[in-house]
Amino acid sequence: MAMIVLMEDDAATRTLVASVLKKDGHEVVAADNGQDGLALVVQHQPALVISDVQMPRMNGFEMLAALRQDTAIAATPVILLTSLQERAHMRIGMTSGADDYITKPFRPGELRDAVAAQLNKRQMQASLQALAIDAALMEQRNELARLYETRPPTNSANAGPPAGAAAAMSASTRRPCCSSTFRSTPKWRTSSAPRNSASW
């Protein structure tokens, strides 16, 4: 399942949230303040962050702002946990880049639904990105095929011999042909004196 970073300074709430998530098969790492929680996000690159708003050292809004400024983790979805007294902060959280919020106290089913929605949205975004890449590659292949089909044809039959072969043929026409030269047949010398039959 998914890796989730949980930031909550209240030990009871932190234990409850972690227990619900682990029962659903998720891996959970937790911190009791925003600064340590942000370090866990950088270290583990989780699929989801669940953070309280009111925390020591770095509150949820400060953590969220720092997370969105880090390009390595900026796309990580964040769910904020807020109490009924902090409902006025919900708009601040959403405009700061939070993906969802849950008001405390909450039921385990509400937490599960919120977590599932964010993880499904993340998976859908990854699938759409993969489809976009595949579509771009297909378009590139089609464009290359179109360019190949529309290039001017080359007629090898009318192109003539290569330049090197033509030069060799031209040079051969300037050489005398050895096969056409005949050596004169030697003539046997004969004596002009008449043969003496007695000498035979």
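Buried residues make up 30% of the 200 residues in this protein. Please bear in mind throughout that the model is predicted. As for long-range contacts, among those with a separation of 6 or more, 60% are between residues 24 or more positions apart.

Let me turn to the overall arrangement. The protein has 6 helices and 5 strands. Read from the N terminus, the elements run β-α-β-α-β-α-β-α-β-α-α.

How are the strands ordered in the sheet? The sheet is open, its 5 strands have the order β2-β1-β3-β4-β5, and the pairing is parallel. The edges are taken by β2 and by β5, residues 100–104; each has a single partner strand, so one side of each is left without a neighbour in the sheet. On average, neighbouring strands are turned by 20° against each other, direction ignored. In general, strands of a sheet pair through backbone hydrogen bonds, either parallel or antiparallel.

I should like to examine β1 in more detail. This strand comprises residues 3–7, and 5 bridges join it to β2, the two running parallel. Two of the residue pairings may be named: V5 has V29 of β2 as its bridge partner, and M7 has A31 of β2. Is β1 buried or exposed? Of its 5 residues, 5 are buried, so the strand is largely enclosed by the rest of the structure. Both faces are covered, with M3, V5 and M7 buried on one side and I4 and L6 buried on the other.

Next, the helices that lie across the sheet. Helix α1 lies across β1, β2, β3 and β5, and runs at about 165° to β2. Helix α2, residues 34–44, lies across β1, β2 and β3, and runs at about 170° to β1.

The length of α1 can be checked by a simple calculation. At 1.5 Å a residue, its 13 residues should span 18 Å, and the end C-alpha atoms are 18 Å apart, which agrees. Which residues of α1 are buried? They are T13, V17, A18, V20 and L21. These residues cover an arc of only 160° around the axis, which puts them on the same side of α1. A12, T15, K22 and K23 are exposed on the other side of the helix. As background, an α-helix has 3.6 residues a turn, so residues three or four places apart point the same way.

Helix α3, residues 60–69, can be described in similar terms. Its residues G60, F61, M63, L64 and L67 are buried. Viewed down the axis of α3, the buried residues fall within an arc of 160°, so they line one face of the helix. At the start of α3, a side-chain oxygen of N59 comes to within 3.0 Å of the backbone nitrogen of F61.

I now move to the loop between α1 and β2. G25 is located in this loop, and its phi is positive, near 95°. G25 is partly exposed, with a relative accessible area of 41%. Its C-alpha atom is separated by 5.8 Å from that of M1, although the two residues are 24 residues apart along the chain.

H26 lies in the loop between α1 and β2 as well. This histidine is buried, its relative accessible area being 10%. A polar atom of the H26 side chain lies 3.3 Å from the backbone nitrogen of A2. What else does H26 contact, neighbours within four places in sequence left aside? Its contacts are M1, A2, I4, L21, V115 and L119. Of these, I4 belongs to the buried residues of β1, and L21 to those of α1.

Finally, some remarks on backbone geometry. Most residues other than glycine have a negative phi, and most peptide bonds are trans. Which residues depart from this? Q45, in the loop between α2 and β3, has a positive phi near 50°. Q45 is partly exposed, at a relative accessible area of 43%. R57, in the loop between β3 and α3, also has a positive phi, of about 70°, although it is not a glycine. R57 is exposed, with a relative accessible area of 55%. As to the peptide bonds, K104 and P105 are joined by a cis bond, with omega about 0°. P105 lies in the loop between β5 and α5, the latter being residues 108–150.

How values were computed
Residues numbered from 1 in each chain as written. Predicted model: local features only at pLDDT ≥ 70, side-chain atom pairs only at ≥ 80, totals over all residues. Heavy atoms only, no water. Buried < 20%, exposed > 50% of the residue type's maximum accessible area, 1.4 Å probe, protein only. Helix = DSSP H or I, 4+ residues; strand = E, 2+ residues; numbered from the N terminus. Arc of directions from axis to C-beta. Polar contact = N/O pair within 3.5 Å; in protein donor to acceptor, adjacent residues only side chain to side chain. Contact = heavy atoms within 4.5 Å. Pairing = 2+ DSSP bridges. Axes fitted to C-alpha atoms, helices over the stretch in contact; angles between N-to-C directions. Expected span 1.5 Å × (residues − 1).
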